[in-house]
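Thanks for coming. I will walk through one model this morning, starting with a single pair of residues and working outwards from there.

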Amino acid sequence: MSASRALLSNPQAGASPTMARAASRARLAAPSSSIPFARAGARLRIRSAILSSPAAAAAPVASAEPTRRISRSGSEAAPRAKPAVLVAEKLGEAGLEVLRQFADVECAYGMSPAELLAKVSQFDALIVRSGTKVTREVLEAGRGRLRVVGRAGVGIDNVDLQAATEAGCLVVNAPTANTVAAAEHGIALLASMARNVSQADAALKAGKWQRTKYVGVSLVGKTLAIMGFGKVGSEVARRAKGLGMHVIAHDPYAPADKARAIGAELVSFEEAVAKADFISLHMPLTPATSKVFNDESFAKMKTGVRIINVARGGVIDEDALVRALDSGKVAQAALDVFTVEPPPKDSKLVLHENVTVTPHLGASTVEAQEGVAIEIAEAVVGALRGELAATAVNAPMVPAEVLSELAPYVSLAEKLGRLAVQLVAGESGIKGVKVVYTSARDPDDLDTRLLRAMVTKGIVEPVSSTFVNLVNADYTAKQRGLRIAEERVSHDNAAAAESPLESIQVRLSNVQSKFAGAISTGGDIVVTGRVKYGIPHLTVVGPYEVDVSLEGNLILCRQIDQPGMIGKVGNILGQRNVNVSFMSVGRTFRGKQAIMAIGVDEEPDKETLEKIGKIPAIEEFVFLEL
C-alpha cells in the first residue's frame, strides 16, 4: 500500500514555494508517468486520459485572428511540436514564463463565448479565471485535443466538471496562493467596519465633519468566531490574536492541536454564533452551507453582532441579513462577496448605511496574483506532462473493466463516508478514520486506492468545497489532518471470491456522535455496508444490524423495542406525504434497545421530524442525506 500511496501524494508537499517552483521547472522534460492497478493477479498499467491526445502533435486548425488577441508565443506557420496553451484571462507574467518554457502560449483576453468556441479546438490546455465560462459546449468543441482546463483561483463554479470528466479533460485549480491575501482582506474589513472607516471617509469627502456620529468599537478583548478553520480562517485567527481578540472557531475538520497552537478554541456552530461579538466567514459554499446564516441563525446571535464575509456570498441569506441589520440584531456587516456578482445596483444590502462593501477583492494583491499565476501554470504544465496533480478537481479516466467491477463498491464507499461524517457532532471534529475491507480475494488482487479515495470524498465533500478523486484523495486527507488507516480481513467463503469485496466498514475514532446508537462497543462511530444485487446497502450501524438500501435519504431512530413502532413512524411520514422506500429494524435483545432505519425519497420538514422524536419510545433520531 505504501507504493500506492506514493503515487497519489503531492511531490512538493513538504517543499517551500521557491523549491516547489524550481523542482517543477527542473521536471519539464521528464517523461509521462503511468498509474499501476492490480487486479486478478496481473498489474495493469494504464494512462490517464490527460496523458495523450490524438491531435496533440497536429497542426492547428486555421481560423481568423481574434479581435481581442493581445499576444502570441510560437510560430504561426509551422506545426506545433509543443503543446499549445490558450490563456483566456489576464495571467501574471511569472506564470506565463513557466508556461512558455514548456508550451506555445497564446493570450486572448476578453473573448466572446463564440470566439472561445471557435478557438478552443486548437489547444491542449485552457487557462481561465472566474470571468470565462467553460461550458459543456466549450468542452465538446475542444474534444480530440483539449486535455487540461486550469482555473487560476480556487472556485470552479464557472467550469462544467461533469462535462470535463466526460470529455476526458482534467481540471486543475490554484487553491493556496491567495490564502494570505484573503486573510489580510478579512482583517482589513474587520478593522474598517469596527471604526466606520468607509462611512466616515464618504462623509468627509461630502464636506461633513461628523466625529460623534462615527464612534467605533474596540477589537481588543472581543470574541471573534471564525466559521471555517481552513487555510484562510487559521490565518485570520493568527492576525486576530495579534489584535488582542479572543478567538473561537467552528469547523468539523479542524484538528484540535492546530487550533490550540494558534490559540483558538473549537466550539459548535451554535456556541460560536451565540458567543461572538464578531463573526468572520471562511466556509465553502456547499448544499449544507447555502444560506446557513439566515433568520434562525441571526436570532441566536448577540444583539449588536458584526459580520465579515470574504468567503462565498451564498452562505448568507442576504434578505435575512438586511432584516437583521434593520432590527439592530446585526450592528454592521462587511462584505467582499455576494450571492450574485456584481450585485444589483439597487441592492438594499449594498446600499445599507451599516454595511461596508468591496467588489470581491480578497485575492487582489500583486503578490497573490503572481502566486496564483505560477501555481496554475505549474499545475497545467504538470498535467500536460501526465503528472498526478494534487490540485486536480475531477477524476482521471480509469479502465472500463476496473470501473465495471468496482462501480457499486465505489458508490458504497462514498455513501458510507457521507453517512459517517453526518453522525459526528459538530464540535468534536474527526481525528482518525479506519476502513476495513472484507474480501475472499488475495490482497494482491485488490487495489483499494479508488475505494479509499471515495471514502475520503464522502467524508470531506459534504462540508467542503474540495472535489476529491483518485488523484487528490490522499493529499486532501493529509491537508485536513485526516489519518486514514486500512485493514483487509480475509473471508473464507470461496464463492465470494467472484466479487471483489464482501463488505466495507468505516470507523471514526475519538469523536463525539450526534446519534449515540452509532457508537460501537469500542467507542467508535461504525457503519458497515455491502453490495446486494448491484445496489449499496447499509448493514451495520454501531452494534446494530440493519438492512437498508443506500438510496434517497435515511432516518435512523434509536428506540425501545416494542410492538407498533414501525406503524407509528410510518403513519407520521405518510400523513406528511413522505414516501418510505425501505424500513429495517435491528436490535440487541428482545424488548431492549433497537435501531429503526428508514429510507425516504423526500426530506421531511422540521415539524415531521419533531413529531417522530416525540414518540415516547424513541430515545433519539437523526436525518441523513445520501
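Please find Val-527 first; its bridge partner in β20 is Val-541. Before going on, I should say that this is a predicted model.

The two strands around that bridge are β19, residues 525-532, and β20, and they pair in the antiparallel sense over 6 bridges. Between β19 and β20 the hairpin has 2 residues, and Tyr-533 there takes a positive phi near 55°.

Now stay with β20, which covers residues 535-541. Is this strand mostly covered or mostly open? Mostly covered: 5 of its 7 residues are buried.

β20 also pairs with β21, again in the antiparallel sense, over 4 bridges. In that pairing His-537 stands opposite Ser-549 of β21. The hairpin of β20 and β21 has 2 residues between the strands, and in this hairpin Gly-542 takes a positive phi near 60°.

As general background, strands of a sheet pair through backbone hydrogen bonds, either parallel or antiparallel.

Let me step back to the whole sheet. In what order do its strands run? The order is β17-β16-β18-β19-β20-β21, which makes an open sheet of 6 strands with mixed pairing. At the edges stand β17, residues 483-490, and β21, residues 544-549; each has a single partner strand, so one side of each is left without a neighbour in the sheet. On average, neighbouring strands here are turned by 20° against each other, direction ignored.

Further along the sheet, β16 and β18 are paired in the antiparallel sense, with 7 bridges between residues 432-439 and residues 503-509. One residue to look at there is Tyr-437, whose bridge partner in β18 is Ile-504.

A helix belongs in this picture too. Helix α17, residues 449-460, lies across β16, β17 and β18, and its direction is at about 140° to β16.

Next, a separate spot in the chain. How many aromatic pairs does the structure hold? The count is 1. The rings are those of Phe-269 and Phe-293, with 5.6 Å centre to centre and 45° between the planes, so by the rule that angles from 30 to 60 degrees are neither stacked nor edge-to-face, the pair is tilted. Phe-269 is in helix α11, residues 269-275, while Phe-293 is in the loop between β12 (278-281) and α12 (295-299), so the pair ties together parts that are 24 residues apart in sequence.

Are these two rings' residues buried or exposed? Phe-269 has 15% relative accessibility and counts as buried, because the cut-off for buried is under 20%. Phe-293 counts as buried as well, at 1% relative accessibility.

Now the chain as a whole. The chain contains 20 helices and 25 strands. Of its 626 residues, 52% are buried. Its accessible surface comes to about 27,100 Å², and 53% of that belongs to carbon and sulfur atoms. If we take contacts between residues at least 6 apart in sequence, 68% of them join residues at least 24 apart.

Last, the confidence. The average pLDDT of the chain is 82, and 83% of the residues score at least 70. Over residues 1-80, however, the pLDDT is below 50, and in the model this stretch has 151 contacts beyond near neighbours in sequence.

That is where I will stop.

Conventions. Residues are numbered from 1 along each chain as its sequence is written. This is a predicted model: local features need pLDDT of at least 70, side-chain atom pairs count only at pLDDT 80 or more; totals for chains, interfaces and linings use all residues. Side-chain values use heavy atoms; hydrogens and water are left out. Two strands pair if DSSP finds at least two bridges between them. Axes are lines fitted to C-alpha atoms, for helices over the stretch in contact, and angles run from 0 to 180 degrees between N-to-C directions. Contact means heavy atoms within 4.5 Å. Buried means under 20% relative accessible area, exposed over 50%, partly exposed in between (1.4 Å probe, protein chains only). Accessible areas come from the Shrake-Rupley method with a 1.4 Å probe; for residues, only the protein chains shown count as cover. pLDDT is the predictor's confidence in each residue, from 0 to 100. Rings of Phe, Tyr and Trp (its six-membered ring) pair if their centres lie within 6.5 Å; planes under 30 degrees apart count as stacked, over 60 as edge-to-face and the rest as tilted.
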